[in-house]
Each structure stands twice: as C-alpha cells, then as structure tokens.
Amino acid sequence: MPAGCAVPDDGVLVEREHPEAAHPYRLPFERDRARIIHARAFRRLAGKTQVFTHRYSDHFRSRLTHTMEVAQIARTAAAALGLNEGLAESLALVHDIGHPPFGHVGERALDDALREHGLRFDHNLHALRIVEHFESRYAEFRGLNLTMGTREGIIKHSRDYSVAEHPELAEYFLDQRPPLEAQLIDLVDEIAYITADLDDGFEAEILSLEETRGGVRLLEDFYTPMRAKYPDAAEKLVFNEALKRVLNALVDDLIAETRRRVEQAGATTLDDIRRAPERLAGFSREMEELRLEAKRYLYARLYNAPEITGDHEEAAQVIATLFRTWVEKPALLPPSHAAQIERESAPRVVADYIAGMTDQYILSHYQALRIV
C-alpha cells in the first residue's frame, strides 16, 4: 500500500468540536473507540435484533455481537492495507449504533411512520445525533465529542450525501470521497453478516445444507474439499470449516482488490483518495458476483423465511402502533422526551425515543398499552 493513504493521527480529522488536550498515551481515534464502547447506546446493541429476535432464540447474534465481528474484520483489513487501525475499529464499533429495535424491519417501520409526517429515518444520521447530542457523559459539552474523522465516517461509510439535500452536513466534506478506513466499513459489514447469517440460519435449521450448497457457490467451493479432508467429521463441523474459508476468501479479496485499485489510481495520499472519481475500496468483479449471489440467497431463503417473518410483521406493528399512540398523545412520553417537543416536532421526538429502545423494552411498552 502506498505510504500516506492512512488517515494520520494529526490534522483536521482528529480535531474535535470542543478542543481537548492530547492524551499522554492514547491516540485520538483510540480515545474515540473507548468513548463509543462506554456509550449507553453501544450497550443497548446487546438487546437489539440482528436477524433473529430474542423470542425466536437468544442463541444467535445480536446487533452487538455482529458489531464486534465487524470490528475484528475491519481492524484486520486496515492493518493489512497499512491504514489507521484505530479509526477503522472506531467506525466499525459505531456503524450500527443508530439502529432502532428489530433490525432492518424496525428501521423500515420507523421510516414509514415518519414519512407520513414528511420526515425520514436514516440510521447513519441518527447515529450522528446520538454521538453529538443524545449521549451525555461530560460536564463541559453534550455528546461524545468524537473526532471529525470518526463523525465523517459515521455518515459516509455506506453512502454519499449531497449538500443540496443535507446542508446541515456541509462540514463533512460531502463533495469528496471518505478515507479508505471509512470505505472499508460497509464492505466488512457485508462480509460479517453474510457469513454470520449463513451460520445462524443453518444452526436454526432454516437453511438446509444441500440447498445452501446449491445456491451459494462460494460456500460449495470450500465445502466439497472440506468434506473430503474431514470425511468422518460431523456435518456442522465441516460446514464451520467451509464457512471460515468463505470469510477468509472475502477478506483476502477485499484487501487485494483495494490495494490494486489504489495502486492503479496512483493514490499515495489521503487527498488522492478523497478526489478519486469513485470509491477505491471494493471486491474484485468475480468475488462481487459471488457475494451478491450469497446475499440474494439469504434474502430469499432466510430473511423472508416463514419461520421469522411472523416476528418481523409483529415488530413492524409494534413500532407503528406505539409511534402513532405517542404522537397523538405525547403526554404519555417520559417528561424528558415530552419537553423536547417544544424544540422539535412530536414525530421526530417519538422516533428518537423508539430508536433508542431495545427489543424487550419496546415490547414491554406495547404489552402495557394493550393491557390498558
């Protein structure tokens, strides 16, 4: 990897909205990492759905354990590419902090509810609100006072925003590409959840081995040699051996292809990365085809499987019902949230309240409402 592509631990990206003295032995992004881990919103990820709600089983991955897996992969990839590992890990740890309860089903339900009031729910932008406003741990300022680099990555790791549509985000270099550390996050997120969801889906006996081998070539490419290598091993253990190699193949390809693109672009500085015509982190054409195949298979056979769609439908109903109730009767909100309606609309305040809940907490509110 050409020198100079990593985000340095000095300069504008380590600046904070509220200046703080340098720490004697921790670098700026390492301090961000610690602040994220100690945040209340980060702890709540333990009670939020990844794919399976806790009522299906508490044996499978939560939003928190998924986040930890993303962080491990992100740090590995960043190290191999000579990038800033502290920034990459911080962005991985914070990338899902803005998700509401019930995973992507909950996010869609909350967005649908807000659309009726001319508003939207975007988990990236909500994550920024969390770290800048909702977290309250310091006497001198609100929020976590994270570095500019981490805040930029929260917004831009998975998509681009325009100044025309979001003038409030103008300070985050919207006309430029994010650093490679941020570009990696959405891709390692894909690696983590594809392999983890194959694992959990198989463990839940929703995905069958034979059908998955036929529908996911990337798995079959490794399962057949692993079965030959371990002819007497249990089916699940052979599957585990194959899945480990799927993960490694995806990570290896991401590292190699990103390095190739950076070298081809002649990018030797962060400014070169920012001004590239497109994002430089990515998979090779062949691996991207295999990744998309696996993702399509998971949507068809797992995410929309009858065994879990019932929970998803109920989750959407829970969010829609509570949102409507609290917007119509804001006096039912906790006083601290009701008081915010003077500054913001009731729909936005209610959405913020719901987004911060864990699955079990919002279900307890729903059950109480039904009893009343």
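**Burial and ring pairs**

Decide whether Y138, at 29% relative accessibility, counts as buried, exposed or partly exposed.

Solution. Get the cut-offs out: buried means under 20% relative accessible area, exposed means over 50%, and partly exposed is what sits in between (1.4 Å probe, protein chains only). Y138 has 29%, so it counts as partly exposed. Now try F141: its relative accessible area is 10%, so this one is buried.

A quick word on what you're looking at. The model is predicted, so local features need pLDDT of at least 70 and side-chain atom pairs count only at pLDDT 80 or more, while totals for chains, interfaces and linings use all residues. Residues are numbered from 1 along each chain as its sequence is written, and side-chain values use heavy atoms, with hydrogens and water left out.

Find out how many aromatic pairs the whole structure has, and sort two of them by geometry.

Solution. A pair of aromatic rings is described by the distance of the centres and the angle of the planes. The rule is this: rings of Phe, Tyr and Trp (its six-membered ring) pair if their centres lie within 6.5 Å, and the pair is stacked if the planes are under 30 degrees apart, edge-to-face if over 60, and tilted otherwise. Searching the whole structure gives 4 pairs. In one of them, Y138 and F141 have ring centres 5.0 Å apart and planes at 35°, so call it tilted. F202 and F239 are stacked, at 4.3 Å centre to centre with 20° between the planes. This pair joins distant parts of the chain: F202 is in helix α8 and F239 in helix α11 (residues 235-265), 37 residues apart. By the way, helices (H or I, at least four residues) and strands (E, at least two) are DSSP runs numbered from the N terminus. Both F202 and F239 are buried.

**A helix under cover**

Work out how many residues of helix α7 (residues 148-156) are buried, and what covers them.

Solution. Go through the helix: M148, G149, T150, R151, E152, G153, I154, I155 and K156 are its buried residues. That makes 9 of 9, so α7 is largely enclosed by the rest of the structure. The cover includes α1 (28-37), α4 (85-94), α6, α8 and α12 (270-274).

**T358 and its surroundings**

Place T358 in the structure and list what it touches.

Solution. Start with the address: T358 sits in the loop between α16 and α17 (359-371). With a relative accessible area of 18%, T358 is buried. Then look for contacts, meaning heavy atoms within 4.5 Å. Ignoring neighbours within four places in sequence, T358 contacts R44, G47, K48 and P101. Its C-alpha is 9.9 Å from that of R43, although 315 residues of chain separate the two. Last, a polar atom of the T358 side chain lies 3.3 Å from the backbone nitrogen of Y361. Y361 itself is in helix α17 and is partly exposed at 41%.

**Pockets and a cavity**

Find the volume of the largest pocket and say which helix gives the largest share of its lining.

Solution. Begin with the words. On a 1 Å grid over the protein atoms alone, a cavity is a set of points where a 1.4 Å probe fits but cannot get out, and a pocket is an open set with protein on both sides within 12 Å along at least five of seven lines; lining residues have an atom within 4 Å of a point. Points are joined across faces, edges and corners, and the volume is the space filled by probe spheres set on them. The largest pocket holds about 760 Å³. It has 34 lining residues, and H99, H104, E107, R108 and Y299 are the closest to its centre. The largest share, 6 residues, comes from α5. For the classes, Ala, Val, Leu, Ile, Met, Phe, Trp, Tyr, Cys and Pro are nonpolar, Asp, Glu, Lys and Arg are charged, and the others, Gly among them, are polar. The split is 8 nonpolar, 14 polar and 12 charged.

Now find how many cavities of 30 Å³ or more there are, and what lines the largest one.

Solution. The search finds 1. The largest cavity has about 50 Å³ of space, lined by E17, H18, V131, E132, R142, N145, L146 and R151. Sorting these by class gives 2 nonpolar, 2 polar and 4 charged.

Technical notes
Polar contact = N/O pair within 3.5 Å; in protein donor to acceptor, adjacent residues only side chain to side chain.
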